[in-house]
Amino acid sequence: MSYNDTFIKACKKQEVDTLPVWYMRQAGRYDPAYRKIKEKYSLLEICQQPELAAEVTLLPVHKVGVDAAILYSDIMNPVASIGIDFDIVKNIGPVIHNPIKSSADVERLRPIQVEKDLSHIIKTIEILVGELQVPLITFAGAPFTIASYLIEGKPSKSYIRTKELMYNEPAVWFKLMDKLGDMVITYLKAHIAAGAKAVQLFDSWVGALSPKDFQYYVLPTITRIFAELKHLEQPKVYFPGVSSGELLPHLQQVAADVIGLDWRVSIAEGRQRLGSRFAVQGNMDPYILTAPMSVIKEQAKVIIDQGIKEPGYIFNFGHGLFPEASIDKLHELTEFVHSYSTAAIAASKQGSGV
Ligand code: CP3
């Protein structure tokens, strides 16, 4: 099998014959083989074992037929290295044992030491890059999203503590953004040095902010992160998370190649808000997988038809897959996106006389 680089081509807004597909949280609980591994090991224990973490990363590539692998890890993994104790608790998510409350807590955070603390992640990347016939995406959590866990201590709906710190102690907030920004830059550079073919910054919860607050409190750090990575040829993806439609017009200065969209804004509308520099990724509602295949395909068609209007589109969900998702439907959806987009792209080339 030859190397499949349609994902990289789409990130760079080059023409493709078939749309690339991958799914957020594609290595996960919807897969019985993953659940079996999870009977024995926790997420963090899997990450500590590079061979096993690589095996888990490969599961959806083999079973679902996606065009990119995403490293099996979690956005919380690097924060242990800066001095945060956490667990990933079943059906809850990250829980922090020493949440950030004060300026002193932020001062105490250390610089990340990838070689000392995260060599298992680097090893997993190296194993995968040697084995894969599709690009490996690695990732980090963005400063706001990580900060929301560090401050709240657990997943939150309101982000009340996070906003309280942000509004009341801006100097502490910006110090925290700086430190988390440094962490992300060092971590993602190490991934790329180890062979990652693309990197994604997950800012899953930043849509909780108004556009104005996003611009003031968060955007400078996002801009700095991508400016630091700009000279690297590997594509960079920024995912501003759920409910981020109103933030899209404000991303102009971010030197990412691709922006991930959630399902509340169509691909066409998202492109309009972003301007023509970015490729886009997304944006099906993952819970569409509860529908019959005919409904899933009808919705996929609408997204694909908009996506192929310009080069630079990657099929994905607008957020992560859920544990009850059907692996058979996911496989069928992948095949459908491939076959339908191949025919539609060929027809549009013919129509335009190319
Ligand atoms: O996408 C992939 O297949 C790669 C693996 C991956 C995981 N987490 C593994 C994981 C990725 C890309 C992440 C990123 C991540 N982690 C994000 C950003 C993406 C998003 O969903 O918005 C966030 C916010 C987290 C924090 C986190 N970790 C949450 C909210 C949860 C879910 C808690 C739950 O039980 O539902 C986790 C745990 C987690 N990370 C799981 C997986 C497969 C599920 C629990 C498990 O299998 O142990």
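Where does the ligand sit? In this predicted model, the ligand is found in the largest pocket, so let's start with that pocket and then zoom in on what surrounds the ligand.

The largest pocket holds about 1,700 Å³ of space. Its lining is made up of 50 residues, and R25, R29, D74, I92 and G93 are the ones nearest its centre. Sort that lining by class and you get 28 nonpolar, 13 polar and 9 charged residues. If you'd rather follow the secondary structure, look for the helices α2 (32-40), α3 (43-47) and α9 (143-152), along with the strands β2 (86-89) and β3 (93-96). Each of these five elements gives at least two residues to the lining.

Now for the ligand itself. There are 24 residues around the ligand, and R25, Y34, K38, S204 and H319 come nearest. By class, this shell has 14 nonpolar, 6 polar and 4 charged residues. Two elements from the pocket lining turn up again here: α2 and β3 each supply at least two residues of the shell.

What about polar contacts? Take Y34 to begin with: an N or O atom in its side chain is 2.5 Å from an oxygen atom of the ligand. With R25, the backbone is involved, as one of its N or O atoms there lies 2.6 Å from a ligand oxygen. N91 also uses its backbone, with a polar atom 3.1 Å from an oxygen atom of the ligand. As for cover, the ligand taken alone would expose 860 Å², and the protein buries 92% of that.

Notes:
Residues are numbered from 1 along each chain as its sequence is written. This is a predicted model: local features need pLDDT of at least 70, side-chain atom pairs count only at pLDDT 80 or more; totals for chains, interfaces and linings use all residues. Side-chain values use heavy atoms; hydrogens and water are left out. A residue is near a molecule or strand if one of its heavy atoms lies within 4 Å of it. A polar contact is a pair of N or O atoms within 3.5 Å; within protein, one must be able to donate a hydrogen and the other to accept it, and residues adjacent in sequence count only if both atoms are side-chain atoms. Accessible areas come from the Shrake-Rupley method with a 1.4 Å probe; for residues, only the protein chains shown count as cover. On a 1 Å grid over the protein atoms alone, a cavity is a set of points where a 1.4 Å probe fits but cannot get out, and a pocket is an open set with protein on both sides within 12 Å along at least five of seven lines; lining residues have an atom within 4 Å of a point. A molecule sits in a cavity or pocket if more than half of its atoms lie within 2 Å of its grid points. Helices (H or I, at least four residues) and strands (E, at least two) are DSSP runs, numbered from the N terminus. Ala, Val, Leu, Ile, Met, Phe, Trp, Tyr, Cys and Pro count as nonpolar, Asp, Glu, Lys and Arg as charged, and the others, Gly among them, as polar. Grid points are joined across faces, edges and corners, and a volume is the space filled by probe spheres set on the points.
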